[in-house]
Amino acid sequence: MPSISQQPHKFDPPLEPDLTSGKYVKIWHGPQHPGITGNMSLELTICGDEVAHCKTHVGYLHRGFEKLMERRTFIQNFPVVCRIAVPEPAFNEYLYAAAIEEIAEIEVPELAQWLRVLNLELMRLASYLMWLGGSSGSFGMTTVYQWTVTHRDYILDLFEEMTGARIYHMYITPGGVRAKLPEGFKGRVLKVMQGVEKLLYEVEKVVFNNHVFKLRSQGLGIISKDMIDEYGIVGPNQRACGFERDLRKDQPYLVYDQLDFEVVTETESDAYTRAWVRYQEMHQSVSMIRQVLDKMPEGGSFHADLPNVLHWNVPAGETYVKAECTRGEYGYYMVTDGSEYLQRIHIRGPSYTHAVSVMEKLAVGINIADVAGLMVSLHTYPPEIER
Amino acid sequence: MKSLINRLTEQFKVSLEKQTKSDLCFIRVNKDDAEQLIRHCRDHESYTHLSFLTAIDRIEDNKFTLTYLLHNYQSHQSLGVHVELDRENPVMHSLHRLWGQMATYQRELKEIYGIEFPGSPRLNDEFFLEGWDQIPPMRKEFSTVEFCEERFPIREGRQSTDAKQTMKVEIYPGRGE
Amino acid sequence: MKNEDNTFANNGLLPEEMDLFCNARPVPYEPYSIEVVEKFFNWMRANSLWIMAFGTGCGAIELNPLMTSRFDANRYGIQVRPTPRQSSVFVIGGYSSVKTLKRIIRSYEQMQGPKFVLALGICTINGGMYWDSYNTIKRLDHYIPVDVYITGCMPRPEALLSGFFELKRKIKAGECDGANRYVKNLDWYKDNQKRVIKKWDMPDYNW
Amino acid sequence: MEYWITKIAYYLLTVSIVMVYGLLLSAVIAKTMARVQGRVGIPLYQPFIDIMKNFGNRTAISHGIMFYLGPVFRLAGGLGTLAFIPVIYGSEMFSNFHFAGDILLVMYFIFFGQLGMALGAGEGGHPYSAIGIARGLAQMTSYEVPFALAVIAVVVQYDTASISQIVAAQQGGFMNWTVFTNPFAVAAAMLAFLGMTGYAPFDVVMAPNEIPIGPATEFHSSYLSLMQINRAIFAGAKLVLFMNLFFGGAGNLIELVAKTWAIYMIPVIVGVAFPRFRVEQSVRFFLKIPTLIGVLAIFYVQYIVLK
């Protein structure tokens with residue numbers, strides 16, 4: 001059964017233009033380029049101002065996490081997992097903990113689940129604020145960048161109070177979380193949320209109602225409906241095409257089924273719509289955080305009893321857990337063999353497809369001035385591509 | 001899930017490995033039927049979303065296990081397809097015509113496991129590593145510690161103890177046993 | 001790696017690229033003969049630090065709060081320049097994989113002296129938690145000269161600010177001669193770099 | 001002979017004053033933007049320190065003689081622009097080499113700097129430089145159209161091509177300023193001024209996230225400091241030109257500072273709140289509304305003012 005036929009196929013890579021014809025110039029966007037999110041590079045072949053061919057080069061941040069985690073005990077992996085996606089480590093912590101809990105069948109107390117949701121939603125909000133700044137900055141609005149990054153910093157202060165660390169907080173551990181909420185924390189969260197909502201209101205006036213921003217972003221990088229499944233596009237990029245798919249609704253984990261929110265969908269699926277979907281989800285996160293603070297049970301234990309972590313043999317098993325992070329489906333595929341080390345763990349980051357195959361497809365034919373905008377509108381984080 | 005497995009077992013030589021939860025189960029198929037099975041699942045069972053493709057290095061029984069994880073957006077169920085490869089010369093049919101991102105996964109596996117996917121586009125381009133001159137790093141027999149010791153100089157004065165012993169002796173004294 | 005006329009062999013280059021790249025060796029620069037002038041310029045350099053916009057690792061994420069309204073580093077004359085020709089400070093954001101190290105070297109050699117290197121994070125000092133990772137270097141100062149280390153994983157913006165102040169102090173005192181050290185011990189650095197970077201497809205010194 | 005010596009001495013004095021003023025102005029602008037962004041911003045003396053630091057940096061690379069000449073041309077453009085603009089009306093000390101018809105020469109010099117810069121940056125060999133030059137020249141030609149139309153309207157209105165006489169014609173109460181006697185010309189010229197200053201949405205030349213900082217990518221140390229000095233002088237010269245043509249000139253230094261600062265605030269306030277055009281969008285912008293306003297200004301002068 002020949003699996004490869006000879007006629008060209010839509011998934012075959014496009015032919016590279018020959019540079020000897022003198023029509024094309026090859027330009028390397030990045031890794032040292034302020035318009036590229038994170039540390040990756042695009043090998044652009046441009047004809048005039050138009051991109052004729054694009055290759056993505058990743059791996060500048062490759063640390064071999066999956067290898068390192070195979071030679072660390074389960075509890076030793078916790079400082080490791082949160083380093084995988086730098087702007088939002090909480091999802092890695094939750095997924096790793098969830099995978100272990102599923103294999104070892106650990107019951108998580110309810111208070112811990114609420115605290116996890118609080119942590120995850122704050123993380124989502126912080127990550128979205130960072131993205132909003134980068135996205136408006138890549139279109140030349142440094143003012144909005146300054147505002148949003150500052151408000152993200154206030155949320156990082158909340159994290160510091162809640163977990164003890166700004167960026168890498170090993171808060172979500174297997175069986176629960178590491179600490180209760182400090183005294184008067186809810187009031188401070190609400191205060192920050194007020195500031196964030198005020199900021200979002202201003203951002204809507206400055207960015208989304210801005211004629212120039214519309215000129216730049218509308219019709220840029222349109223993702224057709226067919227591409228969604230063909231390229232495995234997830235998250236807001238997918239919801240901007242009109243697909244109502246959100247893991248928090250479809251396969252509710254933690255206590256998301258007790259929260260009240262609806263999936264945001266749009267239809268144009270260009271850069272502007274993707275930004276708009278994310279903007280609405282930020283409002284949703286704010287409301288979710290408020291609901292969590294209301295409905296959260298007061299007392300109760302926040303941590304299940306674990307066996308002795310020093311020689312903790314997780315039983316043999318195999319599972320795949322996933323959560324809806326800001327970019328879409330973020331999954332951990334874990335295989336254990338009953339020893340106190342992992343057999344194999346695979347981290348499925350949504351940027352893996354967005355930044356490599358989708359970017360290579362969408363970048364062809366756009367103006368070189370829009371490459372940074374398109375890159376940001378796909379919302380990719382290189383660290384989770386190369387792990 | 002059960003009905004799906006039954007439907008599949010009628011047409012293909014598949015064996016249910018394990019169903020870990022209600023919406024996730026893993027089946028095993030031999031490598032020549034894999035493409036037909038996956039294509040069938042994508043086209044007729046509406047498992048249209050490829051979550052990931054990865055490999056597991058089972059050095060004890062000298063095999064690589066490829067895992068294709070497909071997802072069904074209608075029933076919200078996931079199906080993991082296991083394909084076992086011989087560890088000596090691991091070769092798998094290239095499925096890059098099925099999904100657009102498949103070629104990228106195959107590139108990665110070629111680099112970090114040395115699994116061959118003949119016909120996959122840009123298969124031999126460097127993906128993560130640059131100028132890698134050892135055996136593929138994710139294989140079990142590749143010891144990253146020894147490699148680091150002979151490749152990268154460590155600043156003197158750093159002592160790295162066995163974390164397990166440290167936890168036993170210093171952090172949780174007495175809880176070790 | 002050296003020709004007899006004390007120029008680089010540029011073995012990594014293809015033959016048709018040979019004449020596109022310069023193969024001369026860099027020379028260490030002498031400070032101004034008049035001490036007052038040198039002190040004056042050192043004061044100027046200390047008060048206008050231009051960072052190169054190259055986030056080499058996860059430490060770069062703390063540069064955003066540093067440069068924005070919360071901890072406004074701009075008021076100390078610290079600003080970001082997107083091109084290595086105009087920037088004088090190279091902030092290495094944490095661990096650097098081998099693939100990134102190659103780009104770091106290129107960018108560092110394209111910066112015009114006097115140039116200073118600020119290394120963030122424990123992983124640039126001795127590998128940190130990546131001490132057994134097969135793809136990250138363990139100590140940065142084997143490959144490029146480092147002026148100031150800021151430890152921690154990851155260092156907070158306050159720590160970055162204090163590191164910048166330490167760098168200012170050293171520059172004013174005239175102790176930051178990293179570029180000269182690099183040029184004087186160039187062969188040692190190049191040996192270390194080529195021991196790690198196996199795919200050396202660039203000139204020996206990127207002018 | 002000593003007439004020319006004094007002239008040149010006065011001119012050098014003017015240049016130094018305008019340079020210091022332009023640098024201070026840029027610092028004030030940066031602080032204003034920083035305040036909008038909720039920051040403290042750079043200290044006022046920061047531009048001077050940057051220039052001196054760049055001057056003290058070393059240069060180890062060479063891209064040929066044209067590369068070195070680029071910033072020199074640019075500086076020559078700035079100095080030439082300033083040389084024929086009477087800075088302060090009625091004062092012998094600050095009226096440079098003005099003569100009848102100097103405005104045409106000034107408009108030529110506004111072009112000149114960019115062209116020389118284009119030559120030099122093209123020599124640098126960096127692709128971003130080439131793209132930046134293409135963008136810069138395209139945008140410059142487009143915003144020169146409304147500006148030229150506005151200047152023609154003013155020249156027709158006052159029936160002279162000498163800046164000092166244009167200023168003289170506007171004396172005697174602010175109702176005589178062009179901004180009130182011929183608002184269309186001023187509108188067109190100010191829209192062109194947005195593009196000249198190069199703040200958002202017209203900062204396509206140095207678009208930091210698209211082509212890191214465009215033509216100046218390869219320029220470093222002392223060349224960069226030359227270009228910074230020129231940026232200050234050029235901004236000052238253009239401000240003085242606009243003040244003379246449209247806002248009734250200045251009788252003394254205080255008036256000069258006040259008026260130029262007010263004029264410069266317009267592009268800054270626009271620039272803080274806007275993202276960046278693509279280059280063809282910006283060209284289209286200039287060739288549509290501002291050009292129409294400029295044509296309208298000429299007709300306005302012809303059939304209403306001069307009736």
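Q: Leaving out residues up to four places away in sequence, which residues does D:Ala189 touch?
A: This is a predicted model, in which local features need pLDDT of at least 70 and side-chain atom pairs count only at pLDDT 80 or more, while totals for chains, interfaces and linings use all residues. Residues are numbered from 1 along each chain as its sequence is written, and chains are lettered from A and ligands numbered from 1 in the order in which they are written. Touching, or being in contact, is about C-beta atoms placed from the backbone: they have to lie within 7 Å. With residues up to four places away in sequence set aside, D:Ala189 touches D:Phe147, D:Ala150, D:Phe242 and D:Phe246.

Q: Which helix gives the most to the largest nonpolar core?
A: A nonpolar core is a set of buried Ala, Val, Leu, Ile, Met, Phe, Trp, Tyr and Cys residues joined through C-beta atoms within 7 Å, and buried means 20 or more other C-beta atoms within 10 Å of a residue's own, C-beta atoms being placed from the backbone. The largest one here has 296 residues, and those touching the most other members include A:Phe91, B:Val81 and D:Ala189. Helices and strands are DSSP runs (H or I, at least four residues; E, at least two), numbered from the N terminus. With 17 residues, the top contributor to this core is chain D's helix H9 (residues 221-246).

Q: How many residues are in the second, separate core?
A: Nonpolar side chains tend to be buried together in soluble globular proteins. The second core is separate and includes D:Phe73, D:Met117, D:Ala118 and D:Ala121. Its full count is 5 residues.

Q: Why do the buried residues of H2(D) line one face of the helix?
A: Helix H2 (residues 46-56) of chain D has several buried residues, including D:Gln46, D:Asp50 and D:Ile51. The thing to look at is the arc, taken from the directions from the helix axis to the C-beta atoms. Down the axis of H2(D), the buried residues line one face because they fall within an arc of 165°.

Q: What do those buried residues of H2(D) pack against?
A: Among the buried residues of H2(D) are D:Pro47, D:Lys53 and D:Asn54. One partner comes from chain C and the others from chain D. The buried residues pack against helix H1 (35-47) of chain C, and H1 (2-36) and H9 of chain D.

Q: Which two chains share the most contacts?
A: There are 5 pairs of chains in contact. Chain B and chain D don't touch, with their nearest C-alpha atoms 25 Å apart. The pair sharing the most contacts is chains A and B.

Q: How many nonpolar, polar and charged residues are on the side of chain A that touches chain B?
A: Here 39 residues of chain A are in contact with 44 residues of chain B. Among the chain A elements giving two or more residues to this side are strand E6 (317-325), strand E7 (328-336), strand E8 (342-348) and helix H12 (351-362). Ala, Val, Leu, Ile, Met, Phe, Trp, Tyr, Cys and Pro count as nonpolar, Asp, Glu, Lys and Arg as charged, and the others, Gly among them, as polar. The split is 10 nonpolar, 17 polar and 12 charged.

Q: Which helix supplies the largest share of the side of chain A that touches chain C?
A: This contact takes 26 residues from chain A and 29 residues from chain C. On the chain A side, H1, helix H2 (78-81) and helix H5 (142-163) each supply at least two residues. The largest share, 4 residues, comes from H5(A).

Q: At about what angle to E6(A) does helix H3 of chain A run?
A: In chain A, 3 strands make an open antiparallel sheet in the order E6-E7-E8, where strands pair if DSSP finds at least two bridges between them. E6 and E8 of chain A are the edge strands, each pairing on one side only. Axes are lines fitted to C-alpha atoms, for helices over the stretch in contact, and angles run from 0 to 180 degrees between N-to-C directions. Helix H3 (residues 89-104) of chain A lies across E6 and E7 of chain A, and its angle to E6(A) is about 150°.

Q: Which residue is the bridge partner of A:Gly331?
A: E7(A) and E8(A) are antiparallel partners over 6 bridges. The partner of A:Gly331 sits in E8(A) and is A:Arg348.

Q: Which residue takes a positive phi in the hairpin of E2(A) and E3(A)?
A: Strand E2 (residues 41-47) and strand E3 (residues 50-57) of chain A run antiparallel, joined by 7 bridges. A:Ile46 stands opposite A:Val51 in E3(A). The hairpin has 2 residues between the strands, and the positive phi, near 70°, belongs to A:Gly48.

Definitions and conventions
Buried ≥ 20, exposed ≤ 12 C-beta atoms within 10 Å, placed from the backbone.
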